[in-house]
Structures are given as structure tokens and as C-alpha cells.
Amino acid sequence: MINIILAILSTLGALAILFASIGILRMPDFYLRLSVTVKASSLGVGLLLICAAIMFPGDASVTTKAIAIIFFLIITAPIAAHMIGRTAYFIGTPLWKGTVVDELDGMYNKETHELQSDPLLAIDKSISSFDDQIADTADETK
């Protein structure tokens with residue numbers, strides 16, 4: 001019975017990592033690639049670590065290490081992806097041409113490097129340097 005559970009979990013983990021690698025190739029811009037990669041690879045690695053913990057039930061150190069790694073992966077991966085995406089937006093990495101709404105347009109103050117979430121406090125969109133951050137061609141997003 002445990003072998004069946006291990007087979008299912010390891011297959012799902014490998015498939016999640018496969019989907020992450022396919023997502024890198026298929027997604028049209030940096031932001032979507034980052035999102036797919038972080039979510040799918042975190043799930044895949046977590047499932048494989050659960051398999052390792054189940055495989056060695058008598059060894060508490062393996063289980064403890066696997067749980068600790070999963071915990072830190074779940075805590076750090078989304079935060080790191082958020083910071084990488086935010087930095088990419090601020091340095092002007094173009095959005096995909098199919099992007100419908102750029103919700104950060106005009107919300108970033110370049111002098112103080114702060115985001116304003118209140119539209120009344122946001123800087124004027126007419127002076128924003130991000131007015132045309134959406135790519136015109138697919139080549140601009142590569």
C-alpha cells in the first residue's frame with residue numbers, strides 16, 4: 001500500500017516539475033514564466049520530499065529534514081518570486097502584448113521607490129515612465 005502511495009506522490013511531483021519546465025517555454029513573458037515556475041516547482045519538490053519522508057518512516061532525521069525543507073520552501077519561494085517580479089517591473093521589463101490591464105501603471109514613485117495603493121495618492125499617469133510598458137511585439141518579451 002505504501003508503494004502505491006509513493007508511486008502516486010512521486011509521479012505527481014515529477015509531473016508538476018515537468019509542467020514548470022514546460023511553462024518556462026510556453027509562457028509569453030517574464031512575469032507569467034516566473035509565476036508558473038515558482039508554483040509548479042514548489043509543489044513538485046514538496047511532493048517528492050513527502051515521498052522521501054514516507055520512504056524512511058523509522059528515521060526521524062529524514063522526516064524532520066523533509067518537513068523543514070518543505071516549510072522553508074513554502075515560506076521563501078513566493079516571497080522571492082514577488083520580489084523578483086517587482087524588481088523586474090521597476091526596471092522596465094516589458095509585459096506581454098496581450099496584457100489587458102497594467103494595474104501598477106502610475107502607482108510607482110521613482111524618487112522614493114514606493115508604491116502607492118491609493119489611486120488618489122498615486123503619481124500622475126501623464127508623467128509616469130511606465131505608460132507604455134506593455135510590449136508591442138513578442139520579441140520584446142524574450
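In which helix is I67 found? In this predicted model, I67 sits in helix 3, which runs over residues 60-90. As for its surroundings, I67 counts as exposed because its relative accessible area comes out at 53%, and the cut-off for exposed is over 50%. Looking across to G46, which is 21 residues away along the chain, the C-alpha atoms of the pair are 8.9 Å apart.

Helix 1 is a handy check on geometry. It takes in residues 2-26, 25 residues in total, so at 1.5 Å a residue a span of 36 Å is expected; the C-alpha atoms at its ends are 35 Å apart, and that agrees. Several residues of helix 1 are tucked away from the surface: L6, L9, G13, A16, A20 and G23 are buried. Helix 2 is among the elements that cover these buried residues.

Helix 2 itself covers residues 30-55 and holds R33. This arginine is a bit of an oddball: R33 is buried, yet no salt bridge goes with it. D29 is the nearest side chain of opposite charge, and it is 6.6 Å away, whereas a salt bridge calls for a distance within 4 Å. R33 does have a polar partner, though, as a polar atom of its side chain lies 3.5 Å from the backbone oxygen of I24.

Then there is the nonpolar core. The largest one is made up of 6 residues, namely Y31, A88, Y89, F90, L95 and Y108. Helix 3 contributes the most to this core, with 3 residues. In soluble globular proteins, nonpolar side chains tend to be buried together.

Terms used. Residues numbered from 1 in each chain as written. Predicted model: local features only at pLDDT ≥ 70, side-chain atom pairs only at ≥ 80, totals over all residues. Heavy atoms only, no water. Helix = DSSP H or I, 4+ residues; strand = E, 2+ residues; numbered from the N terminus. Buried < 20%, exposed > 50% of the residue type's maximum accessible area, 1.4 Å probe, protein only. Lys, Arg positive; Asp, Glu negative; His and termini not counted. Polar contact = N/O pair within 3.5 Å; in protein donor to acceptor, adjacent residues only side chain to side chain. Expected span 1.5 Å × (residues − 1). Contact = heavy atoms within 4.5 Å. Core = buried A, V, L, I, M, F, W, Y, C linked by side-chain atoms within 4.5 Å.
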